[in-house]
Amino acid sequence: IFDVASSTKPILQGTYTLGHTVNSLVVRGAYAYIATAASEELKIFDISDPMSPQLVGGSGILPDTPANGKSVYVVGSTAYLGRTVGLSPSAKQFYVFDTIDPATAPLPVMGSPVDVNDSINSLLVRFGLAFFTTRNEFQVWSLSNVNALTKIGSLARAREHDSGARL
């Protein structure tokens, strides 16, 4: 954790060794949510004391692993995790977690995880919609019912030989 009050002289405050790649990081309030390649793909840290970040919760080992936490987004008391395509045919790439108590381990999964058939490389949530970029598409999903998430649109990624805009 760095203090960037002076953008020309950031000051190291505290560290925590994960031992795995950090693929995405979101900070909300006193917590940092990290998508990682570790067996516990979503880790939550209490950063209220920047000198001493503490691991307090996370996804636990998801039942359809192996895959990697690739992207994370947090709105209110809900965390959204995008994963890489797993080696298991039953692997799901989109999970929704209840983070009302971030120190819960494992976090409760809300609804049914979704198989989008591709790695979710980036993730944004706005207005009850989840926006994903995958290796092949830009996808939009409705979050109005976490028990039945619905893909409401997609746009194929432009290929190298195509002309026009690129995603």
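**Exercise 1. Which residue counts as buried at 1% relative accessibility, and what is its place in the nonpolar core?**

Step 1. The model is predicted, so local features need pLDDT of at least 70 and side-chain atom pairs count only at pLDDT 80 or more, whereas totals for chains, interfaces and linings use all residues. Residues are numbered from 1 along each chain as its sequence is written, and side-chain values use heavy atoms, with hydrogens and water left out.

Step 2. The residue is Phe 94, which counts as buried at 1% relative accessibility; buried means under 20% relative accessible area, exposed over 50%, and partly exposed in between, with a 1.4 Å probe and protein chains only.

Step 3. Phe 94 has its place in strand E9, a strand covering residues 94–98 in which four of the five residues are buried. Strands here are DSSP runs of E with at least two residues, and helices are runs of H or I with at least four, numbered from the N terminus.

Step 4. Within the largest nonpolar core, which has 14 residues, Phe 94 is one of those with the most contacts, together with Leu 123, Ala 130 and Phe 132. Such a core is a set of buried Ala, Val, Leu, Ile, Met, Phe, Trp, Tyr and Cys residues joined through side-chain atoms within 4.5 Å. The elements giving two or more residues to this core are E9, strand E10 (120–126) and strand E11 (129–134), and the largest share, three residues, comes from E10.

Step 5. Phe 94 and Phe 132 lie 38 residues apart in sequence, while their C-alpha atoms are 9.7 Å apart in space. As a general background, nonpolar side chains tend to be buried together in soluble globular proteins.

**Exercise 2. Describe the secondary structure and work out the order of the strands in the two open sheets.**

Step 1. The protein comes to zero helices and 13 strands, and 38% of its 167 residues are buried.

Step 2. One open sheet has four strands in the order E3-E4-E5-E6 with antiparallel pairing, where two strands pair if DSSP finds at least two bridges between them. Its edge strands, each pairing on one side only, are E3 (22–28) and E6 (54–58). From one strand to the next the twist averages 25 degrees, the axes being lines fitted to C-alpha atoms (for helices over the stretch in contact) and the angles running from 0 to 180 degrees between N-to-C directions.

Step 3. Inside this sheet, strand E5 (residues 42–46) pairs with E6 in the antiparallel sense over four bridges, and Lys 43 stands opposite Gly 58 in E6.

Step 4. Another open sheet of four strands follows the order E10-E11-E12-E13, again with antiparallel pairing; here the edge strands are E10 and E13 (150–156), each of which pairs on one side only. Direction ignored, neighbouring strands of this sheet are turned by 20 degrees against each other on average.

Step 5. E10 and E11 run antiparallel and are joined by six bridges, and Leu 124 stands opposite Phe 131 in E11.

Step 6. A further antiparallel pair consists of strand E8 (residues 78–83) and E9, over five bridges, in which Thr 78 has Asp 98 in E9 as its bridge partner.

**Exercise 3. How many salt bridges does the rule count, and where do Glu 41 and Arg 83 lie?**

Step 1. The rule asks for a side-chain nitrogen of Lys or Arg within 4 Å of a carboxyl oxygen of Asp or Glu, and the count comes to four salt bridges.

Step 2. One of them joins the side chains of Lys 43 and Glu 40 at 3.6 Å, N to O, and both residues are buried.

Step 3. In another, the closest N and O atoms of Glu 41 and Arg 83 are 2.6 Å apart. This pair links distant parts of the chain, with Glu 41 in the loop between strand E4 (31–36) and E5, and Arg 83 in strand E8, 42 residues apart; both Glu 41 and Arg 83 are buried.

Step 4. Arg 135 also forms a salt bridge with Asp 118, with 2.6 Å between the closest N and O atoms. Because Arg 135 lies in the loop between E11 and strand E12 (137–142) and Asp 118 in the loop between E9 and E10, the pair ties together parts that are 17 residues apart in sequence. Arg 135 is partly exposed, with a relative accessible area of 48%, whereas Asp 118 is buried at 3%.
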